Amino acid sequence: MSHDVVVIGGGPAGSTAAALLAREGARVLVLEQARFPRFHIGESLLPCDLPVFARLGLDLGGLPFLRKQGAEIHDEARGDRSVFSFADGLPGTPDHAYQVERGPFDHLLLRLAADAGAEVHEEEKVTDVDLERARVTTDRGSYDARFVLDATGQQALLARRLRTLEPTRQFGRAAVFCHFEGVSDEVWQTDVLPAGNIKILMQEDGWAWCIPLVGQRLSVGFVRARGRVSEATLDEGLAASPLTRRLTAGARRGPTHLIGDFSYRNTRPAGPRWACIGDAACFIDPMFSTGVSLGMLNAMHAADVLAPALREGREADPDLMTSVAARMERPYRTFTALVHRFYNTRMVRNLFFASETEEVLRRGFISVIAGDVWREDNPFQRALLAPARARG
Ligand SMILES: Cc1cc2nc3c(=O)[nH]c(=O)nc-3n(C[C@H](O)[C@H](O)[C@H](O)COP(=O)(O)OP(=O)(O)OC[C@H]3O[C@@H](n4cnc5c(N)ncnc54)[C@H](O)[C@@H]3O)c2cc1C
């Protein structure tokens with residue numbers, strides 16, 4: 001047996017799992033098809049992943065990433081603006097997060113996995129997985145392992161192979177986005193630096209994001225709930241939004257990227273000697289910036305279950321990952337309920353701009369959008385999940 005664990009994909013989920021497992025003495029191989037650093041979308045993190053960074057021994061505050069205090073919501077058509085600071089959440093909710101450029105961020109995590117002792121092969125694409133034998137085949141060779149972790153992101157290698165990918169209807173359908181460089185000093189000082197917030201813009205058929213990145217750059221994207229997007233959608237979105245036009249005035253626009261059909265659930269995220277983590281297990285919708293943070297938490301929980309199982313020879317237990325799936329159920333259900341209400345009702349929009357939301361509900365909402373969703377004392381989260389529970 002060449003390795004204890006083969007991790008397919010070196011994004012945040014794969015690298016986190018690889019680093020934590022390697023530190024526990026497991027022989028880990030990471031197979032990543034790209035050469036890092038590479039571009040990736042998903043730049044706004046949540047406070048809930050601070051414990052993962054602590055476990056990894058990473059202080060993002062000391063690195064070239066931007067501190068984020070919360071989210072700013074705009075409805076330009078109505079002239080509404082609302083600010084949610086994580087510090088105003090329920091007691092115990094961490095008060096900040098980070099905005100990260102994914103190229104260097106993912107590279108940092110992959111190097112961390114290598115430093116922890118994982119063997120990392122970049123530019124090696126997995127082409128097949130024999131789940132019975134936990135054998136992984138790539139465009140360069142084959143590897144036998146005691147356990148396989150699928151961390152292939154939206155490519156969701158195993159879910160597509162097993163046909164267990166269930167699209168989530170009525171959520172965001174497609175997005176178009178780009179980076180702007182050379183944001184003006186005035187915008188940077190007055191609109192960005194004070195809080196480093198993500199700006200979310202409510203729009204007729206979806207929403208848009210403006211995420212500040214270190215070096216006076218902005219990531220700007222438009223998500224559409226129906227139909228397709230094209231480069232023209234970006235032009236139209238910018239033309240229709242005085243705020244994004246002002247923020248990006250005089251800045252250089254980089255290449256345009258498109259992505260579609262990104263909301264889904266993998267109905268079978270684990271089996272005997274294999275599990276899917278991160279986006280390969282579930283991706284809800286980017287509305288609340290949950291992807292990276294939930295993916296890293298999912299990876300940490302999976303590593304915490306797998307490391308002792310490998311030591312004790314229990315890795316083939318078909319129920320090994322049941323507790324991990326159960327732990328992720330709470331954020332998946334919470335954010336699915338929130339995103340559903342955003343696209344299909346006025347509840348979230350009303351909450352964004354309500355002048356007199358009951359204090360405890362507002363604090364509860366902020367804790368949820370910070371990803372602090374495992375607590376039992378949040379009345380907002382209870383109310384959000386109650387109808388789903390009643391429906392069974
Ligand atoms: C429009 C949009 C906006 C988003 N905005 C945010 C945001 O603001 N904040 C946030 O937290 N998240 C956001 N996300 C989500 C975020 O991008 C993902 O949740 C996150 O990248 C998941 O991490 P991961 O490690 O699971 O997968 P990835 O980061 O996708 O990493 C998977 C890796 O696997 C590799 N791989 C795939 N297939 C193979 C193969 N066959 N062989 C070898 N390697 C392979 C890939 O090259 C990749 O490097 C957004 C997503 C979308 C679509």
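Of the 39 residues found around the ligand in this predicted model, those that come nearest are Gly11, Gly42, Gly153, Gly278 and Gly291. The shell around the ligand is made up of 17 nonpolar, 18 polar and four charged residues, and both parts of the chain take part in it, since domain 1 (3-167 + 263-391) and domain 2 (174-260) each provide at least three of its residues. Among the helices, helix 1 (12-23) and helix 8 (291-312) each supply at least two residues of this shell, and helix 8 gives the most to it, with four residues.

The division of the chain into two domains can be considered next. Domain 1 is assembled from two stretches, 3-167 and 263-391, whereas domain 2 is formed by residues 174-260. The centres of domain 1 and domain 2, taken over C-alpha atoms, are separated by 24 Å, and the contact between the two takes 23 residues from domain 1 and 22 residues from domain 2. On the side of domain 1 that touches domain 2, strand 3 (66-68) and strand 4 (70-75) each supply at least two residues, and strand 4 gives the most to this side, with six residues. The residues on this side of domain 1 comprise nine that are nonpolar, six that are polar and eight that are charged.

Within the interior, the largest nonpolar core has 121 residues, and the residues with the most contacts inside this core are Ala17, Leu21, Leu149 and Ile277. Helix 8 contributes the largest share of the core, ten residues, and the core draws at least three residues from each of domain 1 and domain 2. The surroundings of Ala17 illustrate this packing: when residues up to four places away in sequence are not counted, Ala17 touches Val7, Leu149, Ala151, Ile277, Ala299, Ala302 and Ala303.

Helix 1, which includes Ala17 among its buried residues, is mostly covered, with twelve of its twelve residues buried. Its buried residues run from Pro12, Ala13 and Gly14 through to Leu21, Ala22 and Arg23, and they pack against strand 1 (3-8), strand 2, helix 2, helix 3 (102-115), strand 10 (142-150) and helix 8. From its first C-alpha to its last, helix 1 reaches 16 Å, close to the 16 Å expected for its twelve residues at 1.5 Å a residue. After helix 1 comes Gly25, whose phi is positive, near 95°.

A comparable check can be made for helix 8. Because its 22 residues should span 32 Å at 1.5 Å a residue, the 32 Å that separates its end C-alpha atoms agrees with expectation. Helix 8 is followed by Gly313, which also has a positive phi, in this case near 70°. For helix 11 (residues 359-369), the buried residues are Gly364, Phe365, Ile366, Ser367, Val368 and Ile369, and just after this helix Gly371 takes a positive phi of about 85°.

Two individual residues may be examined in more detail. Ser44 is found in the loop between strand 2 (28-31) and helix 2 (50-56). Ser44 counts as buried because 27 other C-beta atoms lie within 10 Å, where 20 or more are required. Leaving aside its neighbours within four places in sequence, Ser44 is in contact with Lys68, Gln99, Ile198, Ile211 and Ser289. Ser44 and Ser15 are 29 residues apart in sequence, and their C-alpha atoms are 18 Å apart in space.

The second residue, Ala174, lies in strand 12 (residues 174-181). Ala174 is also buried, because 20 other C-beta atoms lie within 10 Å, a count that meets the requirement of 20 or more. Apart from neighbours within four places in sequence, the residues in contact with Ala174 are Arg224, Arg228, Val229, Leu258, Ile259 and Gly260. One of these contacts, Ile259, is 85 residues away from Ala174 along the chain, yet the C-alpha atoms of the two residues are separated by 5.6 Å.

Terms used: Residues numbered from 1 in each chain as written. Predicted model: local features only at pLDDT ≥ 70, side-chain atom pairs only at ≥ 80, totals over all residues. Domains from an automatic or database assignment. Contact = placed C-beta atoms within 7 Å. Nonpolar A, V, L, I, M, F, W, Y, C, P; charged D, E, K, R; others polar. Near = placed C-beta within 6 Å. Core = buried A, V, L, I, M, F, W, Y, C linked by C-beta atoms within 7 Å. Expected span 1.5 Å × (residues − 1).
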